[in-house]
Amino acid sequence: MTPRRLGGPRPGAASAQTAHRPPTIPSHPATRRSPDARHRSRLAAGLVGVLALASPGAAGPAQAGPLDRTAPAGNATILCTDAPIGFASVNALGFNGTTGGAGGPTVTVTTAAALEDYAGRPGPYIIRISGRIPLDDMVTVVANKSILGVGSTAEITGGGLQMGSTTRPGNNVIIRNIRFTGAEDDSISVTNKAHHVWIDHNDLSDGYDGLLDIKRESDYVTVSWNRFHNHSKSSLVGHSDTYTADVGKLRVTYHHNFFDGTDQRHPRVRFADPVHVFNNYYRNNALYGIASTEDAGLMVEGNYFENVAHPIYVGYDKSGPGRVVERNNIYVNSGTPQTAGTVVEPRGLYPYSVDPPASLPGTVSGGVGVGKVCG
């Protein structure tokens, strides 16, 4: 059954033709090292620190399972789930949801060279990151990998993770429980037609460009329980206004993320229909919360906006207008959201439930980030 489209402009909502288009602000500059220098650094690091794990207590891959366990995290109660909610859970393109490295060997890595080696190997792997790993470039992650932080101290700094390349797809990948800081480019890049990617319970801050970008015909992605902070451009969906190959792709679910003082792109979307944004907490976002552009379709529901002067834009900067349906959101000391057009109803695509938005400042702020994953 084809999911029905919902919504239309509310009385007083801004139309596509009158969408606000303020200028964006530049990212912070960063000094980049040459490719040769980065390559020498990785070779020097060697493959030390790779420890095969066989203990039954080692963290395993995310697999389908009941959502019936909870664990305390400060003043919040965290739902323990072994499988994603949203688009990463959908059976499509030959995949039965997103399982990452399930069924493959488990290894623990402590160096950049070891991480790069295992992330680029064929076949499934469960890669556990222990401690702080400095990078000086993007590490390519190929298909069927789970990259999981150990405890609450796993960190990738100076570089980031890129799903696949033009010749080596990055499909069926899970990234969980890792702190990302100071990336010289994106912290996480879902690109090159990667699909079925689950990005869950990470902490992302202080990068050069985007903290999390989803682009270049990628599809079936879930972004859940992450904290974004100390940065301007949080999360982009869609490569550019002229990259029309993204039409019909880029189906993404954002739920229970904390956009904590970041300026913009929570997300900014081009072409995708639908992108489903539910149960996220927005606080002190200086430029705007969400922007739908270039005929993208966004369902925005059950979110909490606090001190966000422009919670939702239809069109932004030089990008043409998109479509937005909003329902059941809370706006505290925030402006009026813009809406326009109709959007595909997510309930026809996958099951989900929406928490009361008034609960989100407590549950989301207490449950996002590292050290909060059960099991």
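Eight strands of the predicted model form an open sheet in the order β10-β13-β16-β19-β22-β25-β28-β31, with parallel pairing, where strands are DSSP runs (E, at least two residues, with helices being H or I, at least four) numbered from the N terminus and two strands pair if DSSP finds at least two bridges between them. The edges are occupied by β10 (138-141) and β31 (312-314), each of which has a single partner strand, so one side of each is left without a neighbour in the sheet. From one strand to the next the twist averages 15 degrees, with axes taken as lines fitted to C-alpha atoms, for helices over the stretch in contact, and angles running from 0 to 180 degrees between N-to-C directions. Helix α2 (residues 112-119) packs on this sheet and touches β10 and β13 (160-163), its direction making about 30 degrees with that of β10; contact here means heavy atoms within 4.5 Å. Within the sheet, strand β16 (residues 188-190) and strand β19 (residues 212-214) pair in the parallel sense over three bridges, and D213 in β19 is the bridge partner of S189. Residues are numbered from 1 along each chain as its sequence is written. As the model is predicted, local features need pLDDT of at least 70 and side-chain atom pairs count only at pLDDT 80 or more, whereas totals for chains, interfaces and linings use all residues, and side-chain values use heavy atoms, with hydrogens and water left out.

The largest nonpolar core contains 55 residues, of which L161, M163, V190 and I214 touch the most other members; such a core is a set of buried Ala, Val, Leu, Ile, Met, Phe, Trp, Tyr and Cys residues joined through side-chain atoms within 4.5 Å. The element that gives the most to this core is α2, with five residues. When residues up to four places away in sequence are not counted, the contacts of I214 include V190, V221, V223, L236, V252 and Y254.

Two of these contacts, V252 and Y254, lie on one side of strand β23 (residues 252-255), with T253 and H255 on the other, and all four are buried, that is, under 20% relative accessible area, as against over 50% for exposed and in between for partly exposed (1.4 Å probe, protein chains only). Strand β23 runs parallel to β20, to which four bridges join it, and S224 stands opposite H255. Four bridges also join β23 to strand β26 (residues 275-278), again in parallel, where Y254 stands opposite V277.

A search of the whole structure finds 14 aromatic pairs, defined for rings of Phe, Tyr and Trp (its six-membered ring) by centres within 6.5 Å, with planes under 30 degrees apart counted as stacked, over 60 as edge-to-face and the rest as tilted. One of them, F87 with Y220, is edge-to-face at 6.2 Å centre to centre and 65 degrees between the planes, and it links distant parts of the chain, 133 residues apart, with F87 in the loop between β4 (76-80) and β5 (91-92) and Y220 in strand β20 (residues 219-224). Both F87 and Y220 are buried. The rings of Y281 and Y304 have centres 5.7 Å apart and planes at 75 degrees, so this pair is also edge-to-face. Ring pairs further link F87, Y220, F278, Y350 and Y352 into a cluster.
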